[in-house]
Amino acid sequence: MRKLLYVLMIGLVLLTSACSIGSSPDKAVEALFKAALKNDEETYNEIAGSYGELDGSIEMIGVMVREIGGVEKLNFATIKKKSMLKEVQEDLDDKYKNPWEVVMVSPKKSEGEDKEVTFWVMEKVDGDYMVGEIEPGYKEDILK
């Protein structure tokens, strides 16, 4: 009986940790980067979803994150929709059937405000966030 209880507890812990991968859009992008560093294809592909441009790119993303100095050298910030330009928000509303959020990924040490960042549109599907699209740009491209 004790063994069964132990196995059930381990299963619950694993299930809880698996479900938390995409619990917030910024954590999902961070988890994708961490998965790339560890070459964890299962987690990486789960978050990448059907976004074709990420197919087979786990190694490239891992190298990029290593060159930056690791995930801890990056900021992952979910942009509030009220802070976004109206036309950007309307375009994304038209494009996505599921709820979506935009995550801005930028280096923690940024010299000047005009540094390029990457915007990750994360679509919420069955309770988890998955990549909808990725766009390099500048803050003023999307923020009011």
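Contact here means heavy atoms within 4.5 Å. The legends below describe views of a predicted model.

**Figure 1. Overview of the protein chain, with five helices and four strands.** Read from the N terminus, the elements follow the order α-α-α-α-β-α-β-β-β. The chain has 144 residues, and buried residues make up 36% of them. Its accessible surface comes to about 9,400 Å², with 54% of that area belonging to carbon and sulfur atoms. Of the contacts between residues at least 6 apart in sequence, 55% join residues at least 24 apart.

**Figure 2. Surroundings of Ile61 in helix H4.** Helix H4 covers residues 58-68, and Ile61 is part of it. The relative accessibility of Ile61 is 6%; buried means under 20%, so Ile61 counts as buried. Apart from neighbours within four places in sequence, the residues in contact with Ile61 are Phe33, Ala36, Tyr44 and Leu54. Two of these contact partners, Phe33 and Ala36, have numbers that fall within helix H2 (residues 25-38). Leu37 can be found in this view as well: its C-alpha is 7.7 Å from that of Ile61, although the two residues are 24 apart in sequence.

**Figure 3. A network of salt bridges linking Lys27, Glu30 and Lys34.** Side chains of opposite charge can pair when their charged atoms come close. In this view Glu30 takes part in two such pairs, one with Lys27 and one with Lys34. For Glu30 and Lys27, the closest N and O atoms are 3.9 Å apart. The two residues are three apart in helix H2 (residues 25-38), so about one helical turn separates them. For Glu30 and Lys34, the closest N and O atoms are 3.3 Å apart. Here the spacing in helix H2 is four residues, which again means a separation of about one helical turn. Glu30 counts as buried because its relative accessibility is 17%. Lys27 is partly exposed, at 44%, and Lys34 is also partly exposed, at 38%.

**Figure 4. A salt bridge between the side chains of Lys95 and Glu133.** The N to O distance in this pair is 2.9 Å. Lys95 lies in helix H5 and Glu133 in strand E4 (residues 128-137), so the salt bridge ties together parts of the chain that are 38 residues apart in sequence. Are the two partners buried or exposed? Lys95 counts as exposed, with a relative accessibility of 53%. Glu133 is buried, with a relative accessible area of 13%. In total, the model has four salt bridges; the pair of Lys95 and Glu133 is one of them.

**Figure 5. A negative surface patch formed by Glu87, Asp91, Asp93 and Asp94.** One of the four residues, Asp93, lies in helix H5, which spans residues 86-95. Asp93 has a relative accessible area of 42%, so it is partly exposed. Helix H5 also holds Lys95, the residue that pairs with Glu133 in the preceding view.

Key:
Residues are numbered from 1 along each chain as its sequence is written. This is a predicted model: local features need pLDDT of at least 70, side-chain atom pairs count only at pLDDT 80 or more; totals for chains, interfaces and linings use all residues. Side-chain values use heavy atoms; hydrogens and water are left out. Buried means under 20% relative accessible area, exposed over 50%, partly exposed in between (1.4 Å probe, protein chains only). Accessible areas come from the Shrake-Rupley method with a 1.4 Å probe; for residues, only the protein chains shown count as cover. Patches are made of residues with over 30% relative accessible area and no salt bridge: like charges are joined within 9 Å, nonpolar side chains (Val, Leu, Ile, Met, Phe, Trp, Tyr) within 5 Å. Lys and Arg count as positive and Asp and Glu as negative; His and the chain ends are not counted. The place of a charge is taken as NZ of Lys, CZ of Arg, CG of Asp or CD of Glu.
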